[in-house]
Amino acid sequence: AEPAVSEWVYKNEQQGSGFSMTLWREGNKVQGQHTGWARHGSRIDDSRDKISIEGASEDKPNEYIVRWQSGYSNAQGWAYLIFSEDGTLLWQVFRVQVEGERYIPNKAVLQPQS
């Protein structure tokens, strides 16, 4: 079976910032790529076609614990990815293992890209 591919985006027009992800889900595993931006695009945190988000679900099929890696610096850590019943995706960083400048938000509610 082919993995399920989805694209997600969060935008804060007032701050000129945002966060987007392309995710591949297969079984209990998920992996993906990200782009975060700030200052109306003058700061970009991009995975540059590399896998920057990777993890798995334990008990709940729509909740994943993922490891993330910034494309802007060496920053990395762990986050929850929760696919909600209302069709949104919650991104919530719960641990930063390596500090560094990054444009990956600590928390965002992403909408599906059509």
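**Notebook: strand β6 and its surroundings**

I looked first at β6, a strand (a DSSP run of E, at least two residues, numbered from the N terminus), and found that its side chains alternate: Y64, V66 and W68 point to one face and are buried (under 20% relative accessible area, 1.4 Å probe, protein chains only), while E63, I65, R67 and Q69 point to the other and are not. In a regular strand the side chains alternate between the two faces of the sheet.

I note that this is a predicted model, in which local features need pLDDT of at least 70 and side-chain atom pairs count only at pLDDT 80 or more, while totals for chains, interfaces and linings use all residues. Residues are numbered from 1 along each chain as its sequence is written, and side-chain values use heavy atoms, with hydrogens and water left out.

Next I looked up the partners of β6. Strand β5 (residues 53–56) pairs with β6 in the antiparallel sense over four bridges, where pairing requires at least two DSSP bridges between two strands, and I53 stands opposite W68. On β7, which runs antiparallel to β6 and is joined to it by seven bridges, I82 stands opposite E63. Six residues lie between β6 and β7 in their hairpin.

I then turned to the largest nonpolar core (buried Ala, Val, Leu, Ile, Met, Phe, Trp, Tyr and Cys residues joined through side-chain atoms within 4.5 Å), where M21, L81 and W91 touch the most other members among its 19 residues. At least two residues of this core come from each of β2 (17–26), β6 (63–69), β7, β8 (89–98) and β9 (107–112).

Last, I checked E85, which is found in the loop between β7 and β8.

Note on methods: Buried < 20%, exposed > 50% of the residue type's maximum accessible area, 1.4 Å probe, protein only.
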